[in-house]
Amino acid sequence: MSALAIKDLGKSFGGLRVTAGVTLALEAGERRLIIGPNGAGKTTLFNLITGELKPDDGAIALFGRDITALPTRARPHLGLARTYQIITLFAQETLLHNVTLSLLGLSPLRWSPFRRLDRQAVLIERARAALASVGLEALAGRPLAQTSYGERRRVEIAMALVQQPKVLLLDEPFAGLSVDERKDVRRLLASIPRDVTMLMIEHDMDVALELADRITLMHFGQIVVEGSRAEVVAHPRTREVYFGS
Amino acid sequence: MNQWLLLGVNSITLGGLLFLLSAGFSLIFGLMRIPNLTHGSFFMLGAYIGVSFLGLGLGFWAAALLAAAAMAVIGGGIERLLLRRLAGQELAQVLVTLGLSFMIADLCLMIWGGDPISLDTPAGLSGAVPIASIVFPAYRLAIVVIAVVIAVALWLMLERTRLGAMIRAGVDDAPMARVVGIRVSRLFTLIFCLGAGIAGFAGVMGGPILSVYPGLDADMLPLALIIVILGGTGSLLGALLGSIVVGFLYNFGQVLFPEIAYIILFLPMLLILLFRPQGLFGRHAP
């Protein structure tokens, strides 16, 4: 059974077909890289998988369960987590609060609405441990707005990992990072255990190819090539998409 | 009492009432990103419903609380049945809330008539309270105290509870909140119920001072808009300070510069929109 199975997924905005007949299967533990020029429909595909956009046709299954009609907020409960190309966290709150919120969303404690969040030792300890795992424990009490872009990226990854996802979607995790920050995030992603299936969009091939088992090339909302690194790089359609025929 | 002191007390009293009106408006605006143009109608309809409960022989506070409960149900219904279906269509939501406000105004005129209705001050608060050799009207002081109590309760709810943490997350970034598993749509309904309920309660509270009349909604809505622009959307502290500022500008402007009272009232809003669009304490620009 595939960890994530997408079948004939389609989405249009008015007359613009942004995703067409996308079929994709990720085996459990697989690291898959999605590449393609700007406008290829990569982020749209992520938004369809998380439910932020509703597909016009096709189906999405997570470990065999059809999640196509599930609301976005229900999908993390089934083990789906994501990060964004442009980091969108809770900027007014501290790093610790951000990660704790990520835990609260999945915890039965959210049904006790009038109890204090900052007194939930179990959640707080797990959040601290998650921040420590991305090297940010010392900044736990700092408001997110006062951190660097690279630190926010690591907070975002901590927020996704603390939910103990089975499938993790990473949308350009290296975008906007300095050379040193890229090294930090690369180490961090490489340390994610193999039981987490990863689907990653990335333009930085040198970094991304080290992490990926297989590569999918998208163009104009469709999958045009899929295979190992060598297969995709050697494929004539890849050259055509990136360099013209 | 000294005229200026009386004006000051009246300004703070109006500020208290305006806070009750604008706190919910600000949270709805902050969380759902729509200016709910029905909010002035919640204030007026709450006041009229309170009038009916008083007519049934209920006491003032019971009528105010029941009016608040009725408005919470009506507000929640509007969110669930109308606004949720228009999610993401901001112009449609604005037009629907504007249309609803006209419909509610007509309905009120039909049921309660066109004459202003003045509510009696609740028993026990019709007198005056001497503080440091100055005599203050007891009911106006009570409004200020109730507004402060509700402000503290709302602050504690928002800043100290898990519910508040989830609401703040929704105000900051609703899509991200959904992705971490928070049920933002339920928060929308809850905030709408809360905002409408408090506005309805404020309508009854304002009855003995402002009286209840057709057009009360249209008088209150622009004030709530100014407050939220000044204080910032989604900010309780902003709503509180904005309410007091508007209370003072409204009262002192009308006494000192009656010809340009509206310029005094709206100019700060205009300047804030131009130079600090997120307001004094807001999390986002509107």
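1. The C-alpha centres of domain 1 and domain 2 of chain A sit 26 Å apart. Those bounds, from an automatic or database domain assignment, put 1-79 + 165-245 in domain 1 and 92-164 in domain 2.

2. Before going on: this is a predicted model, where local features need pLDDT of at least 70, side-chain atom pairs count only at pLDDT 80 or more, and totals for chains, interfaces and linings use all residues. Residues are numbered from 1 along each chain as its sequence is written, with chains lettered from A and ligands numbered from 1 in the order in which they are written.

3. Back to chain A: 13 residues of domain 1 are in contact with twelve of domain 2 (C-beta atoms, placed from the backbone, within 7 Å). On the domain 1 side, helix H5 (residues 179-190) of chain A gives the largest share, four residues; helices are DSSP runs of H or I, at least four residues, numbered from the N terminus. That side of domain 1 of chain A splits into eight nonpolar, three polar and two charged residues (Ala, Val, Leu, Ile, Met, Phe, Trp, Tyr, Cys and Pro are nonpolar; Asp, Glu, Lys and Arg charged; the others, Gly among them, polar).

4. Over in chain B, the axes of helix H9 (residues 216-231) and helix H10 (residues 236-256) come within 8 Å and cross at roughly 125°. Axes here are lines fitted to C-alpha atoms over the stretch in contact, with angles from 0 to 180 degrees between N-to-C directions. That crossing makes H9(B) oblique to H10(B) (angles under 35 degrees are roughly parallel, over 145 roughly antiparallel, 65 to 115 roughly perpendicular, the rest oblique).

5. Who makes the H9(B)–H10(B) contact? Among them are B:Leu223 and B:Ile226 of H9(B), and B:Gly238 and B:Val245 of H10(B). By class, this contact has nine nonpolar, four polar and no charged residues.

Definitions and conventions. Helices (H or I, at least four residues) and strands (E, at least two) are DSSP runs, numbered from the N terminus. Two residues are in contact if their C-beta atoms, placed from the backbone, lie within 7 Å.
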